Structure formats: structure tokens, C-alpha cells
Amino acid sequence: MTLKAAIMRGKRSVYEDFWALDEVSFEVPVGSTFGLIGSNGSGKSTLLKCLSKIYYPESGSISAYGKLAALLEVGSGFHHELSGRENIFLNGSILGMSKKEVTQKFDEIVDFSGVEHFIDQPVKNYSSGMYVRLGFSVAISVAPDILVVDEVLAVGDAEFQEKCRQKFIEFKNAGKTVILVSHSMDTVQQMCDKAAWLKNGRLVQVGEAAPTIQAYLGSLTTGSV
Amino acid sequence: MGYINEVISSRELLVNLTMREVKGKYKRTVFGQLWSLANPLAAMLIYTFVFAFIFKAHPDRGNPSGLDVFALWLLCGLLPWTFLATTINAGLGSLIANAGLVQKVYFSRIVLPLSNVAASGYNWLFEMGVLVVALSIAGAFVLPWLPLVVVLMVLLALFAAGIALMLAVANVYFRDTQNFVGILLQIWMYLTPIIYPLNLVQDQSDRIGGLFGTSITLVDVFRLNPMENFVDVFRQLLYDNRWPNASTFLVCTLWAFGSFIVGVWVFRRNEKNLAEAL
Ligand SMILES: Nc1ncnc2c1ncn2[C@@H]1O[C@H](COP(=O)(O)OP(=O)(O)O)[C@@H](O)[C@H]1O
Ligand SMILES: [Mg+2]
């Protein structure tokens with residue numbers, strides 16, 4: 001069985017003839033880690049939003065096999081005046097978890113975030129790094145079959161980034177699919193089996209990670225394509 | 001049916017978002033929830049001074065309760081009105097206030113305006129509780145009518161929710177909606193007999209007679225206003241302590257369901273475009 005994500009034509013913006021995504025069509029095998037690369041404004045976030053049902057493509061289709069969770073921004077829906085504890089429950093339910101599930105995973109979430117001491121403090125007193133850690137910990141505990149991640153890994157300190165990397169590897173070993181966007185080619189190289197390169201809303205290349213990254217980097221130095 | 005299931009499965013989220021509104025609102029204030037009483041009390045003092053003392057507005061004595069207190073009579077209509085107005089205002093801005101969330105997470109969007117309805121409903125319940133205590137102290141026998149009051153409160157909440165849903169969507173596309181609605185609500189309030197009794201309108205109406213040569217009177221036009229009907233029934237139950245007029249109650253019910261059904265329908269039709277339009 002393969003996870004098939006076929007996007008023929010993506011969403012159109014307010015401009016009459018601007019297609020944020022056009023003729024983007026590819027498949028992501030189940031259990032693989034898939035990287036999306038491309039320069040700013042190439043449509044990576046838009047593509048992820050289509051995958052996570054935030055945007056709906058005007059034409060074309062997307063099929064996903066399994067429960068999909070998206071991590072497009074960490075801490076979406078945190079309320080500044082509420083404590084870390086209250087926000088874990090609030091954020092958990094926004095991401096579709098029941099109270100029971102969150103209670104079960106509560107210790108795990110707090111542990112992974114590393115903000116135990118401040119869990120009863122309002123989150124507005126958190127440093128931005130702590131904020132991100134807590135948000136990420138809640139999101140990662142959703143336990144989806146397919147995890148969609150936008151550039152959120154770039155935040156947080158080195159220790160936390162390493163923790164996240166470990167988490168993704170765990171995910172992969174458990175047979176889950178990860179689709180991620182990153183501007184760090186090292187990250188994509190290390191973590192992804194396959195990659196797709198988007199440019200101005202069009203798919204330039206898709207396939208094994210290494211050659212795709214090479215092609216992308218090559219185009220940057222020569223300025224061609 | 002699928003949509004109803006989806007909304008039902010989001011009820012936990014609805015509760016959490018409502019608690020976020022309720023808890024976040026008075027967090028770190030000394031008086032906390034008591035602030036929810038401050039606005040109606042201030043309004044009560046102002047209107048009582050201006051309308052009862054200066055303009056000498058005098059509503060009919062409560063029948064059969066025998067109450068004759070302008071301030072209490074006023075609150076029986078004013079509290080439902082402030083609930084409607086705050087619900088519409090908060091619900092209207094709910095999608096824009098949570099734009100970040102709508103653009104980054106998939107969930108049933110309808111919970112955003114609905115959580116605002118529930119949060120202002122929570123405050124309203126608190127205010128109405130205080131009003132019932134005050135009415136009882138003043139000598140009204142409200143208790144037997146409370147179940148009907150609760151039913152009517154639910155109906156008004158449905159009515160308010162429907163309007164909030166429609167306007168929340170409209171506000172995403174035309175941000176001017178918010179400004180228009182602020183003015184319209186003010187006009188609507190003064191066209192509803194909340195701070196003055198309908199009998200003053202009746203006097204004028206009798207003097208003018210049929211409008212434009214028809215048999216329709218000014219009072220008939222006033223009574224087309226759904227809020228006039230709601231306020232009327234609230235007063236019959238709380239201030240007069242008697243069975244409400246059945247036809248008026250029916251009108252409230254129809255408006256409530258009509259508004260809610262249209263609101264949900266409009267919202268549902270536009271839900272998928274919200275993230276892009278925000
Ligand atoms: N809601 C929207 N309205 C108008 N244009 C949009 C919208 N969303 C995305 N775009 C446009 O689509 C293009 C791709 O954006 P995005 O997917 O965020 O790029 P990336 O994440 O690859 O940097 C950009 O040109 C952006 O301006
Ligand atoms: Mg992006």
C-alpha cells in the first residue's frame with residue numbers, strides 16, 4: 001500500500017491568474033520520510049496546508065491513507081494568560097485529542113518539553129524557546145499515521161532539535177510517514193528518503209533525496225533553471 | 001448528518017475554547033467574575049436616572065407580581081439585550097481574532113463563534129441569577145417560572161448564535177461589517193422597548209392611527225422586531241410572573257430556529273474558504 005498524495009492543481013490566490021501550485025503530482029510511500037525543498041514563496045507551505053485540509057485545492061485531489069496531523073506552527077491557540085498546564089489541554093483538544101488522551105500523555109508531554117518547573121506559570125512568562133518546546137511536545141503527542149511538518153524545527157536550541165530528530169526517527173521506525181519542509185539541506189539529507197523540489201508552485205524534481213538536493217543546490221550556484 | 005457528527009465530536013474543544021474565553025477574560029483582575037455585573041449595573045443606574053427620574057417613564061405595574069421597580073423592570077429586558085449584543089460582537093470577530101489558528105490547524109471552525117456564544121451565555125447566566133435573587137427580594141415569586149426562563153434563554157442563545165455565525169463569515173470578507181454592526185446594534189436597541197415601555201409607543205401609535213392610509217399601526221411595526229417579542233416574554237415571566245403569551249412565545253421560537261438554521265447553513269457553505277480569505 002502506498003500513501004498517495006496527488007495534487008494536480010493547487011489553490012489559487014486572490015489574483016485572477018495566480019496559481020500557488022500547479023501540476024504538482026507525486027506519491028509518498030507509507031513509512032518514508034519525505035522532504036519538500038525550494039526557495040521562499042515556492043508553495044511549500046501552501047502544499048502542506050492543502051494536505052492538512054486548511055486550504056482546499058480548486059482542482060485536483062489529495063488522498064491520504066491514515067490519520068494525518070499537521071505541525072505548521074507550534075503553539076497555535078495558546079492563550080497567554082493561561083498556565084502551561086491549561087494550555088496543554090486546550091492545545092491538545094484543538095489538535096483533536098480527547099481530555100482522556102491528553103491526561104494519559106500529560107507526563108510524557110511535560111517531560112519532552114522540559115518545562116516542568118514552569119508548567120503552572122502563564123505561558124506569557126515563557127521564553128520563546130520554551131513556548132516552542134511546549135507547543136511541539138503537544139503536537140508530537142497526537143500520534144498520527146502521517147505527520148506533516150513545516151519549518152518548525154529551526155526553532156529551539158540544539159538540544160531540543162536533537163530531541164526532535166530522535167522523535168522523527170522513532171516515528172519512522174514505527175512505520176509512520178513524515179512529510180517535512182526544511183531549509184536546512186543537512187536535515188533533509190540526513191532524515192529524508194525522498195524529496196521534492198518546488199519552484200514557483202511547480203514541481204521541478206521528485207525522487208531520491210540526495211540527487212534532488214544536489215539539483216536544487218546546483219541551481220542556486222549556477223542561477224539556472 | 002456528517003456535519004452534525006463532526007460538530008458533536010468537537011464538543012470537548014468547544015468546552016475548552018469557552019473556558020479559554022471565560023477564564024482569560026477576568027484573569028488577574030481583583031474582582032474577577034464580578035466585573036461581568038459592572039456593565040449592566042452601570043447601564044441600569046444611567047437609564048433609571050435618565051428615563052425613570054428625568055423622563056418619568058412608567059411601565060405598568062407587574063401583574064400579578066405587583067412589582068413596581070423601574071430598575072428591575074429595566075434589567076428584565078436589558079440583560080437579554082446585552083447578552084445578544086455581546087454575543088454578536090464577540091462572535092462576529094471570532095474568526096479574525098483566531099486567524100492564526102484557522103490558518104494553521106484543521107478543526108471544525110464553527111466552534112470558534114459558538115464558543116463565544118457559550119462564553120457570553122455563561123456570563124449572562126450569572127447576571128440572570130443575580131437578577132432572580134434581586135426580584136425575589138423585591139417580592140416577586142419567580143421560582144415556578146425559572147424552567148420557562150431557561151428555555152427562553154436557550155432560544156435567545158440560538159437566535160444570537162445564528163446571527164453571530166452569519167456575521168462572522170461576512171466579517172472575514174468585508175471587515176467593515178464590524179463597524180456597521182456597531183451602529184446597527186445601537187439603532188436596534190433603541191427601537192426595542194427595553195429602556196422605555198411599549199405603552200409609550202402605544203400612545204403615539206393611537207394618536208397617529210393607521211400608517212400611510214393602511215390599518216397597520218406603529219405598534220404593529222414595533223412588534224415585528226424579534227427582540228421586542230423576546231423582551232416581552234422575559235418580562236412576562238420574570239417581572240409579571242405569569243404565563244407568557246403563547247403566540248409571542250411561538251414567534252420567539254420560530255425566530256430562534258430560523259436564525260440558527262440559516263446561520264449554520266451560511267457558515268457551512270463558506271467554512272472551507274475561510275483560511276484562504278483571512
Ligand atoms: N491565502 C493566500 N492568498 C494569496 N496568496 C497566497 C496565499 N497563500 C499563499 N499565497 C502565495 O502563494 C505563494 C506560495 O507561498 P508559500 O506556500 O507560503 O511559500 P513557501 O512556504 O514555499 O515559502 C506565495 O507567493 C504566496 O504569496
Ligand atoms: Mg513556508
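In this predicted model, B:Arg223 and B:Asp232 pair up in a salt bridge, with 3.0 Å between the closest N and O atoms. The pair isn't on its own: B:Glu228 joins B:Arg223 and B:Asp232 in a network of salt bridges. As for how much of each partner shows, B:Arg223 is partly exposed at a relative accessible area of 30%, and B:Asp232 is also partly exposed, with a value of 22%. With the cut-off for buried set at under 20%, B:Asp232 at 22% therefore falls into the partly exposed class.

Zooming out, the count of salt bridges over all chains comes to 14. The general idea is a familiar one: side chains of opposite charge can pair when their charged atoms come close. In chain A, the side chains of A:Arg85 and A:Asp120 do just that, meeting in a salt bridge with an N to O distance of 2.8 Å. A:Arg85 sits in helix 2 (residues 84-94) of chain A, while A:Asp120 belongs to the loop between helix 3 (99-113) and helix 4 (128-140), so this pair ties together parts that are 35 residues apart in sequence. The two ends fall into separate exposure classes: A:Arg85 is partly exposed, at 34% relative accessible area, whereas A:Asp120 is exposed, at 52%.

Another salt bridge goes across chains. A:Glu86 pairs with B:Lys23, and their closest N and O atoms are 3.0 Å apart. Since A:Glu86 lies in helix 2 of chain A and B:Lys23 in helix 2 of chain B, the pair joins two chains. A:Glu86 comes out as partly exposed, with a relative accessible area of 24%, and B:Lys23 counts as partly exposed too, at 36%.

Next comes the ligand. Around ligand 1 there are 14 residues, and the closest are A:Gly41, A:Gly43, A:Lys44, A:Ser45 and A:Thr46. The shell draws on residues from chains A and B, so the site is shared between chains. Its largest share, three residues, comes from helix 1 (residues 44-51) of chain A. Sorted by class, the shell breaks down into eight polar, three nonpolar and three charged residues.

A few polar atoms of the protein can be paired up with specific atoms of ligand 1. On the oxygen side, a polar side-chain atom of A:Lys44 lies 2.8 Å from an oxygen atom of the ligand. On the nitrogen side, an N or O atom in the side chain of A:Tyr55 is 3.3 Å from a nitrogen atom of ligand 1. Chain B chips in as well, through its backbone: a polar backbone atom of B:Glu276 is 3.4 Å from a nitrogen atom of the ligand. Taken alone, ligand 1 exposes 560 Å², and the protein buries 70% of that.

Back on the protein surface, chain B carries a nonpolar patch made up of B:Val30, B:Phe31, B:Leu34, B:Trp35, B:Phe126 and B:Val130, which together have about 620 Å² of accessible area. One of these residues, B:Phe31, is found in the loop between helix 2 (11-25) and helix 3 (35-54) of chain B. With a relative accessible area of 53%, B:Phe31 is exposed. The cut-off for exposed is over 50%, which means that B:Phe31, at 53%, clears it.

Technical notes. Residues numbered from 1 in each chain as written. Chains lettered and ligands numbered in written order. Predicted model: local features only at pLDDT ≥ 70, side-chain atom pairs only at ≥ 80, totals over all residues. Heavy atoms only, no water. Patch = residues over 30% accessible without salt bridge, like charges linked within 9 Å, V, L, I, M, F, W, Y side chains within 5 Å. Areas by Shrake-Rupley, 256 points an atom, 1.4 Å probe, with all protein chains shown as cover. Salt bridge = Lys/Arg side-chain N within 4 Å of Asp/Glu carboxyl O. Helix = DSSP H or I, 4+ residues; strand = E, 2+ residues; numbered from the N terminus. Buried < 20%, exposed > 50% of the residue type's maximum accessible area, 1.4 Å probe, protein only. Near = heavy atom within 4 Å. Polar contact = N/O pair within 3.5 Å; in protein donor to acceptor, adjacent residues only side chain to side chain. Nonpolar A, V, L, I, M, F, W, Y, C, P; charged D, E, K, R; others polar.
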